[in-house]
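Here are my notes on the model you sent, set out as numbered points. Please read them with the coordinates open.

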Amino acid sequence: MKNQYLTCVFRDENNIIRVKTRITERIDTPHFLSPILLPNNCIFRQRLVEHFHIENYHAGTQLLLSILREKYWILGGRRTVRNIWKACVKCRRYKSKSPTADPVSLPADRVKDAAVFEVVGVDLAGPLYIKRGTKVWAVLYTCALYRALHLELVSSLSTDAFLLSFRRFVARRGRPRIIYSDNGTNFRGTYNELAAIDWNEVSRYAEIQRITWKFIPPTAAW
């Protein structure tokens, strides 16, 4: 034995080879004070490590080695435990790296120089309950470039309620050029209201450009 922590090897009354460690004066179990010695070329050693690995919920190398050394001293134990852990199908599945993809470029609307709230994303959050039990929803206007946030409250999810919040937003923050939203019925209704406007006629009398409304694919994050 070349390990400096082992002083001798002996056979107990059951003719089992054990290791006499340097902590025999400690008050503990006999297995801990004199663990059973297992060679590194024993099939029992492999089955034993596999059993403890599964019994302890697929413990890692260090934890499993600590548990085994409470009763057994395996020659080359760390290498044995590491090999069992690497060969475990479940452990290989959970330690495998997730597939990665190269990051894609942001849309041009997200990176071009523009004024704050010139390109916005809009969504609703709620319901929220205020005093007297009134139920309201928060309309979130987010600047796509600078991540500035503007909040409005609406009392319903109707198109008319959203149009009122949109008018307040425009009066406070200015008129956006591009709007991103999901496919909610209130957003679709507002889009139809804006699409019904004759923008060519409007541009003859005022320098107002048409608002471009872009809907994201269903269940996608804008």
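The points below take up the nonpolar cores, the helix packing and one loop residue.

1. It should be kept in mind throughout that this is a predicted model. The remarks that follow describe computed geometry in that model.

2. The largest nonpolar core is made up of 23 residues, and within it V122, V139, Y141, F162 and I179 have the most contacts. Strands β5 (119–129), β6 (135–143) and β8 (178–181), together with helix α7 (159–173), each contribute at least two residues to this core. Another core, which lies apart from the largest one, has 13 residues, including L38, V49, L68 and V81.

3. Helix α2 (residues 43–55) packs against helix α4 (residues 77–87) at an angle of about 60°, the two axes lying 10 Å apart. Because angles from 65 to 115 degrees are what count as roughly perpendicular, this pair falls outside that class, and α2 is oblique to α4. The crossing of these two helices, α2 and α4, is right-handed. On the α2 side the contact is made by R45, Q46, V49, E50 and H53, and on the α4 side by T80, V81, I84 and W85. By class, the residues of the contact between α2 and α4 comprise 4 nonpolar, 3 polar and 2 charged.

4. Helix α2 also meets helix α3 (residues 61–68), where the axes come within 10 Å and cross at roughly 115°. The two helices α2 and α3 are therefore roughly perpendicular to each other, and their crossing is right-handed. From α2 the contact draws on L48, V49, F52 and H53, and from α3 on L64, I67 and L68. Sorted by class, the contact of α2 with α3 holds 6 nonpolar residues and 1 polar residue, with no charged residues.

5. Reading these points together, V49 of α2 takes part in the contact with α4 and in the contact with α3, and V49 is also listed among the residues of the 13-residue core. H53 of α2 likewise appears in the contact with α4 and in the contact with α3. Of the partner residues, V81 of α4 makes contact with α2 and L68 of α3 makes contact with α2, while V81 and L68 are both among the members of that 13-residue core.

6. Is T29 buried, partly exposed or exposed? T29, which sits in the loop between β2 (17–21) and α1 (30–33), counts as partly exposed because its relative accessibility is 42%. T29 and E70 are separated by 41 residues in sequence, and their C-alpha atoms are 8.9 Å apart in space.

Terms used
Residues are numbered from 1 along each chain as its sequence is written. This is a predicted model: local features need pLDDT of at least 70, side-chain atom pairs count only at pLDDT 80 or more; totals for chains, interfaces and linings use all residues. Side-chain values use heavy atoms; hydrogens and water are left out. A nonpolar core is a set of buried Ala, Val, Leu, Ile, Met, Phe, Trp, Tyr and Cys residues joined through side-chain atoms within 4.5 Å. Buried means under 20% relative accessible area, exposed over 50%, partly exposed in between (1.4 Å probe, protein chains only). Helices (H or I, at least four residues) and strands (E, at least two) are DSSP runs, numbered from the N terminus. Axes are lines fitted to C-alpha atoms, for helices over the stretch in contact, and angles run from 0 to 180 degrees between N-to-C directions. Angles under 35 degrees count as roughly parallel, over 145 as roughly antiparallel, 65 to 115 as roughly perpendicular and the rest as oblique. A crossing is left-handed if the near helix is turned anticlockwise from the far one by less than a right angle, and right-handed if clockwise. Contact means heavy atoms within 4.5 Å. Ala, Val, Leu, Ile, Met, Phe, Trp, Tyr, Cys and Pro count as nonpolar, Asp, Glu, Lys and Arg as charged, and the others, Gly among them, as polar.
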